[in-house]
Protein chains: 2
Amino acid sequence: MSLLKIALAQMRVIPGQPSKNFSTIERMVKEAKSSQVDLIVFPELAITGYLIGDQFLDNEWVDFAVSFNEKIRALSTDIIIVWGNVVTLGDNPTITNNDSRLAKLNAALIAYQGEFAVRKNGLFPGVYPKRLFPNYRIFDDQRYFLPGRELEEKLGLKVKSLLQPFEINYRNKLIRFGLEVCEDMWDDAYGFSPSDIYLSQHVDLLINISSSPWTLNKEHSRRDVIEKHAHVPFLFVNKVGADNNGKNVVLFEGGSMVFNQEGRWIGSANEVAKEELFIHDLVTEKHAQPPENKLYDMLLAAIRYTDEQLFQSRLPWIVGLSGGIDSAVSSALVVDALGPHRLQAYTLPTQYNSQTTLENAQKIAQNLGISITTIPIQAMVDAFNAIQPNASLLTKENIQARVRGSVLMNIAADQGGIVLNNGNKIEIALGYTTLYGDTIGALAPLGDLTKVQITELARYINERHQKEVIPHNLIPTWKNHIPHFEMPPSAELKSNQVDPMKWGYHDWLIHELLSFPSLAPERILSMYLDKTFPDEVTALIHHYGLNNPETFIQDLEWVLTLWNRSYFKRVQMPPNIIVSKGAFGYDYREAQMPYEKTARYLELKTKILSLKN
Amino acid sequence: MSLLKIALAQMRVIPGQPSKNFSTIERMVKEAKSSQVDLIVFPELAITGYLIGDQFLDNEWVDFAVSFNEKIRALSTDIIIVWGNVVTLGDNPTITNNDSRLAKLNAALIAYQGEFAVRKNGLFPGVYPKRLFPNYRIFDDQRYFLPGRELEEKLGLKVKSLLQPFEINYRNKLIRFGLEVCEDMWDDAYGFSPSDIYLSQHVDLLINISSSPWTLNKEHSRRDVIEKHAHVPFLFVNKVGADNNGKNVVLFEGGSMVFNQEGRWIGSANEVAKEELFIHDLVTEKHAQPPENKLYDMLLAAIRYTDEQLFQSRLPWIVGLSGGIDSAVSSALVVDALGPHRLQAYTLPTQYNSQTTLENAQKIAQNLGISITTIPIQAMVDAFNAIQPNASLLTKENIQARVRGSVLMNIAADQGGIVLNNGNKIEIALGYTTLYGDTIGALAPLGDLTKVQITELARYINERHQKEVIPHNLIPTWKNHIPHFEMPPSAELKSNQVDPMKWGYHDWLIHELLSFPSLAPERILSMYLDKTFPDEVTALIHHYGLNNPETFIQDLEWVLTLWNRSYFKRVQMPPNIIVSKGAFGYDYREAQMPYEKTARYLELKTKILSLKN
C-alpha cells in the first residue's frame, strides 16, 4: 500500500452549522496537505452534527447540507478525503424513506483528485450508506435515514453490493478501501458484519467514521470491538463536541485510533474532547497519555461546548450555593470550565440553614474566586405562607424551594443569564426535589451522577487544585464500604432535616436498575435471595439494616414507587450531561403510567418475606 | 366462509396494566360467546399498551406480559380469538434484538379451540409479527421490536414465510386468515405490502389490529387506505384509551370498522373513544352517527383517561383563571370532562388586570359552576421586586408570572392536586411564556391547538351548553378571514399589553411549518414569491401589512428565531394532548442548537426584499 501518512481529522462538529463545519474541514485538509498527508479522514455527519433531531426532516436544510459534498470533493486534489455527511437520492426521486419523506443516507464519502472513488460494480460513486442502525438509547437513526440494505432492496440491487470496496489508483498502486459508519463495527447482535464482508474482499484498509458518544469507560469497549475484526490497518475517527437534544447533552470525546496491519492498536489521538489533526504513518506506536480523571475532563468539556454553542461563551451563569456538596461541585466544574468571572453565586438562606452551611457557602465561593451575594428569602416565604397559613409542613418546604427557584430565575432574567441546576441522579430518580424549585435551570451537569460519584469528584477537585475547594466537612470518608458524613446531606427546608437516601446503596441500586441493558427489579430480589450482591453492596445492606427482609422490601418498594411517581418532575427538568449507560431524559425513555408488578416479582417478594430475619 | 358473526373488541387498553387488560379481554370474550360470536378481534398490544416507552426494555415485565398469551389462548373454546401482544422467542434464545437485548415481536396472535392456529408451513403457530414499523412522529417501534422480516432473516427463513395465512377449520369449512398489525396496512412508502401478499394467497379475511392514534381527520385516511386494498372482508380494530409518554398524551379513539367482501366500508363502531364490543354480520350496513365536534369529544376523552390513569379520578384540579380565553376554554374542557366539583379556580390579580378581565374570570367560574378564590399577589410580587428594585420591565413581568405559578403549585401541593396548564401551541412555539410561571402544570390540554382552534372551540362550547360559558367578549368575530377581538388577547403583565402574535396568520404559519411531513421555511418564502398562499392567508397577510416584503421577512424571522430559541422552555413543559400532525414534545423532536439558514433561504429572501413594495 502506498499510503505513507494518514491524518485522523478528529474535528469539532458544531451541530446545525454546515458552513462552520465545512470551514473546519477546509482548514484541516489544507493543514494535512502541507504535511504531505496521503489520506485524511473526517467523522460521521461532519457537516450537520448527529443528534440534531427533526432538523433532519427539513428537506431544504438537508439539501443545503448535501451541497457541501461537492465542495469537499473539490478539495481532494493530491489527497484522498473520507468524510461523513448526508446524501440524498437526487436521481431517484421515486425512492422515499418508509415514512414517505425524502430518502436520506447517513453516508461515508470518499474522493480523490476531485473525483468520487468508485467500486468495481460502479454503484453510487463515492458513497457508502451506513448499514447497521443503532435504535437504542439516545439514537434515532431509523427515524431519519434509510439503511444501506433497505436501499439495496428498494433499488433491486444485490445484497451487499454497496459493501464492495472503493478502489483508488494512488501513485500507481491500487488501494481498496472498506468504509463503514459508526455502528457498522458494533455488529455483535445484528447477525451481519460489514467489517467481515469487507475483509472477505481483501481490502487494504478499513475506515470507520463515527459520532460515538462518550460514556464512562467506553474507550475500552471500542478498542476491543475493533481488535476483534481488524486484520488489516484500521482507522477509527470520532468527532469531538457536544450534541444536545434538550434532555441530554451528549459528549463526543474523539478517541480516534490507528490499528496496524496485524490489527493491533498502535496509536490514539492525544487530545481528549479537543479537536486534533492526528497524523500517523500506520507503523510507529504513538500512545497518548491517558487523562488523570476522564470524568472530570469530560464534564468540563460538555460545559464548555454547551456554553459556547448556546450562550456564545458570554452569558453569566447563576448558581444557588446552598453550602452542600452538589452545588459546590457543580460550581467548581463551571468555574474550572469557564473561569470564575463567568459564575455568580447566590445564597438564599432561611431560618433552617445551619451556621456551618452558611459558612460553607461563603468558603466555597471564596475558594472558587466567585462573587457571592446573600439574599435572605424569609420575606418572600412569609408572603407566600400568609396566603396558606395552615399549609402542611411539606408545602412549607416547597414554598421555600420555589422562592429560591424564582429568585434565581428572576436574577437570571434580568441579567440575560443562565441558571445552573445542581440536581444529582439519585434525587432525580426519587423525585426528591421541588418542581420549579430546585429542578430549574438550563443545564444539570450532575444530573447523571450518583452521590458517590459526586463525592469522588469533590475529592479529585480538591486534589487537583491542591487546596480545599470543596469543604472537607462535605466529603464523606469511607470505611469498609460505608460512607461517613460529618454533615449528612440535607435540603435544610425544616429543622434537623436529613436526606432520606441510603447513600452508597441507593446509588448502586439506581445505577444498576438504569444501566444498559436494563435490569428488572426482579434481578435485585434474586440477588438478595441468592446472596449474590457485590461485597460492597452487602456491606451497605447490613449497614442500613436491610438484611432484615421486611426492611429490604420496604426500602426497595419505596425506591420503585418514588421513581415511577416522579417522572412528571424529570420530564420537566433541564438537560443533563450523559455519563452513564442509562441517563434520564432521552436516553431512558419513560412513560407516564403506574405499571403493574410482575407475578415473578410478587413471588420473589413473598419468598424473601418468608425468610427468617 | 362460515363466519356469521364477528365482534370487533374496541377495548380500552390501560398502559402498564396487563392484568386489568386481560380482565377486559376475558369479559369481552364471555360477552361475545353469549352472543354466539364466531370471531372476536382485539387491538394491537392489548395487554401492555403501546407507547409505554422503555418499560418494554424490562425483560421480566415483558415476560410477564407474554404469559397472558397462554391465558387468552385458553379462552378460545368455541370462538376464534385474534389479539395483539408481545411475543418473545423463548425457544430461540440465540436470536436477540439488534441492540443485543431480548428479541421481542409486536405480534398479532390467533387461537381457536384452545390451540394456536397454524400456517401451512407450520412456522410460529398462532403468531404473526408486525412487519412495517412506523419510525416517525411519536413512534419508536424499531427501538423495542424485531420486525417480521428481520426475524425471517435472522432465522434463515424464506422472505414472506411469516406472511402465509393462518388456516382454521371452522364448522367444517377452512377459513384462511390474513393478520396484520397497524402500520402493515399503511404500506405506501415501504415498497412492500403485507395486504397484497395476503391477497395473492387468497385469504378469506384480512384483519388489521391497531393502536392507531387519533389526530384530526385521521379516520378518513384510514378508510381510504383500507378501501385501496380490501377485495375480501376486512376488519380494522383499534383500541381506545390514552398513552402518555410524559411529553404528549396520545389518544386512541377506536374507529373500528368493517368492510364487506367487495372491500366496501359497511360499518363502524358506534362509540368514539369509548370501549365497545361491536358485533357485526359482515353484511348489514351499520353506520354510526358521526360526532358533532370530534375535537371537543377527543379532548374530553384525553382529559378523562389521564385523570383516571394517573390521578385515580379523585385529585383536585387547580386552574389559574385569568379571565382570558385560553384558561376559560381549558377550564370548560376539564369541567365538561370531569364535572365542576373536580376543578378549583383561582384568580391572582395585580394592578395590571383590567376590570373586564376580573369580571370575566368571575363570570366564567360562575358559568362553569366552579369555586373561585381571589388571591391578590401584589404582596409577594413586592417582596420579589424589593430584592431587584432596578429590574427591567420584562423581569418584572416574569416575577408576576412566577409568583402566580408558585401560588398555584403551592396550593396544589397542599391539596395533593394537579395544576392545569393553559398554554396554546402558538405561544409555546414562540416561547411567549415565562418558564416556571405560566409553563407549569401536569397537563396542557390546549398545547397542540392554535389560537384559532381555541376560539372555535369556545364558540362550540357555548353552543353546546346553550349559554354563554365563555364570555362573548373573548371570542373574535371573523369578517373576510380577519379576526376581530373585542378584547385582544393579553398576558396583562404590564399596562396596555397586547399579545404580539398576528392571530390567524401565525396560527396558519406555525401549523404549516410543523405539520407532517415537515415544511421548510423556504416553502413559505416560495409561496410569497409565487403568490400561492391560500386565499384566507393572503387576506391575513394584507391585513397585517405583510404584503410589504420587508415586514414579511422581518415577521417570518421573528417567528423562526423565537421558535428556535424557546426550545429550552418547551422541553420543560408538561405533556400536551396531540391533535395535529406535528405536536411539540415527543412528536416533533427538537434539538437545542441554533441552526444555519440555507443558501436557498437567503437567496429567496434576497429575491423578496428586492421586490417593489
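Trainee: What makes β4(A) and β5(A), residues 115-116 of chain A, a pair of strands?

Mentor: This is a predicted model, by the way. Two strands pair if there are at least two bridges between them. β4(A) and β5(A) have two bridges, in the antiparallel sense, so they count as paired. Ala111(A), for instance, sits opposite Phe116(A) in β5(A).

Trainee: Which residue in the hairpin of β4(A) and β5(A) takes a positive phi?

Mentor: That's Gln113(A), with phi near 50°, in a hairpin that has two residues between the strands.

Trainee: How do you know that β4(A) pairs with β3(A) and β7(A) too?

Mentor: Same test, at least two bridges. Strand β3 (residues 80-88) of chain A shares eight bridges with β4(A), antiparallel. Strand β7 (residues 127-129) of chain A shares three with β4(A), also antiparallel. Both counts meet the cut-off, so both are pairs. Ala107(A) turns up in each: its bridge partner is Asn85(A) on one hand, and Pro129(A) in β7(A) stands opposite on the other.

Trainee: Why is strand β4 of chain A called mostly covered?

Mentor: Nine of its nine residues, 104-112, are buried. A residue is buried if 20 or more other C-beta atoms lie within 10 Å of its own, so each of the nine reaches that count. Both faces are covered: Lys104(A), Asn106(A), Ala108(A), Ile110(A) and Tyr112(A) are buried on one side, and Leu105(A), Ala107(A), Leu109(A) and Ala111(A) on the other.

Trainee: Why is Leu282(A) called buried and Asn480(B) exposed?

Mentor: Leu282(A) has 21 other C-beta atoms within 10 Å; the cut-off is 20 or more, so it's buried. Asn480(B) has 10; exposed means 12 or fewer, so that label fits.

Trainee: What makes the phi of Leu282(A) worth a comment?

Mentor: Most residues other than glycine have a negative phi. Leu282(A) isn't a glycine, yet its phi is positive, about 70°. Leu282(A) lies in the loop between β16 (276-280) and α8 (294-311) of chain A. Asn480(B) also has a positive phi, near 50°, and isn't glycine either; its place is the loop between β21 (477-479) and β22 (482-484) of chain B.

Trainee: How many residues of chain A are in contact with chain B, and how do you know that they touch?

Mentor: 87 residues of chain A contact 87 of chain B. Contact means C-beta atoms within 7 Å, so each has a partner inside that distance. Helix α12 (residues 393-415) of chain A gives the largest share of chain A's side, 13 residues. That side divides into 42 nonpolar, 28 polar and 17 charged residues.

Note on methods: Residues are numbered from 1 along each chain as its sequence is written. Chains are lettered from A and ligands numbered from 1 in the order in which they are written. This is a predicted model: local features need pLDDT of at least 70, side-chain atom pairs count only at pLDDT 80 or more; totals for chains, interfaces and linings use all residues. Two residues are in contact if their C-beta atoms, placed from the backbone, lie within 7 Å. Helices (H or I, at least four residues) and strands (E, at least two) are DSSP runs, numbered from the N terminus. Ala, Val, Leu, Ile, Met, Phe, Trp, Tyr, Cys and Pro count as nonpolar, Asp, Glu, Lys and Arg as charged, and the others, Gly among them, as polar.
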